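I am opening a notebook page for a structure I have not looked at before. I want to go through its chains, its sheet and its helices in turn.

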Amino acid sequence: MKEKFLVYVTIEGKPMARDPEGETIHRVLLAKSRYNMVKSVRVAKLLKMIVEAESEDEAERIVTELCDNLRLYNPAAHKCSIKVNGRIK
Amino acid sequence: MRIAVIRFPGSNCDLDTIEALSKIPNVEPHLIWHEDNELHKYDAIILPGGFSYGDYLRAGIIAAHSPIMKQVKNLAEKGMPILGICNGFQILIEANLLPGALLRNNSLKFICKWVRVRVETNRTPFTYTLNKGSFLRIPIAHNEGRYFIPKSELKDLYKYDQIVFRYVDELGKPSNKANPNGSIDNIAGICNREGNVVGMMPHPERASQSILSPYYTEDGKKIFESLINYMRMVSLC
């Protein structure tokens, strides 16, 4: 029986691609505050998907496939991570 | 000569491009909707600037999946000259017709200004009649124009002569000061290995009439004229 799963897709820049937004948040907001223990910030994009599948594994497989096939991230500059975050009732 | 200018939902430089092309003798520009499928009737294709699909997810990625892009890919493989301007460049990259990525400007600001670019190769239809090392004044207008490519692939761009334009200063040097958005090696435009597909961030259609230029130049027009001369040469061969 198919169930619904919440899947998080995080798209972020590769380390060698500069992230001026993350750098600004770190430099201006955090490094000057009492939270200067934060040593780095990278901004990423989060997509929350509700996926119908037989299992968590299948949901992850479907999303991994669609991220590659539909090029939800640009492999030259981004890396993409996928995490299934439980069932949706 | 028939040139197709493709309009995507959110394109906004399509009519400017048509206007610039219409000033060139023997050119018949046509506005084509992105769901049409008659691109084979044309001699060249231009993907104009704008904000296709509101730049959602990533500039150019949704338009890269438009129905017409399958034909664009087919015709690119057959050697048809294809030019992507600004958002058109972003679409060509996201459609995997050109390598690399266009990231948000280092300044995190939308930049609209006249820049100076140096022609790095004249082996493309769009630079065919320009001298290598010559300079053009053309404006840019973008938020995501920082060209990025991993170092290993950058070497290939040089090896295969794929860098078409670089941002330069008044001395003709690709200095940091001349780099408006943080592009790697001041790259403003590239082509595929075959040279028929070109993408560039500056807008030649906005630099095609002297009345629109603070320098009274028409440097953008030279890019379109180059295409016409190239096509003429090809038809004579």
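I count two residues as in contact if their C-beta atoms, placed from the backbone, lie within 7 Å. This is a predicted model, in which local features need pLDDT of at least 70 and side-chain atom pairs count only at pLDDT 80 or more, while totals for chains, interfaces and linings use all residues. Residues are numbered from 1 along each chain as its sequence is written, and chains are lettered from A and ligands numbered from 1 in the order in which they are written.

I looked up the interface and found that eleven residues of chain A are in contact with 14 residues of chain B. On the chain A side I noted six nonpolar, two polar and three charged residues (Ala, Val, Leu, Ile, Met, Phe, Trp, Tyr, Cys and Pro count as nonpolar, Asp, Glu, Lys and Arg as charged, and the others, Gly among them, as polar).

Next I turned to chain B, taking helices (H or I, at least four residues) and strands (E, at least two) as DSSP runs numbered from the N terminus, and calling strands paired if DSSP finds at least two bridges between them. I found an open sheet of nine strands with mixed pairing, in the order E2-E1-E3-E4-E11-E10-E9-E6-E7. Its edge strands in chain B are E2 (28–33) and E7 (135–142), each pairing on one side only.

I then followed E1 (residues 2–7) of chain B, which pairs with E2(B) in the parallel sense over six bridges; B:Arg7 has B:Trp33 in E2(B) as its bridge partner.
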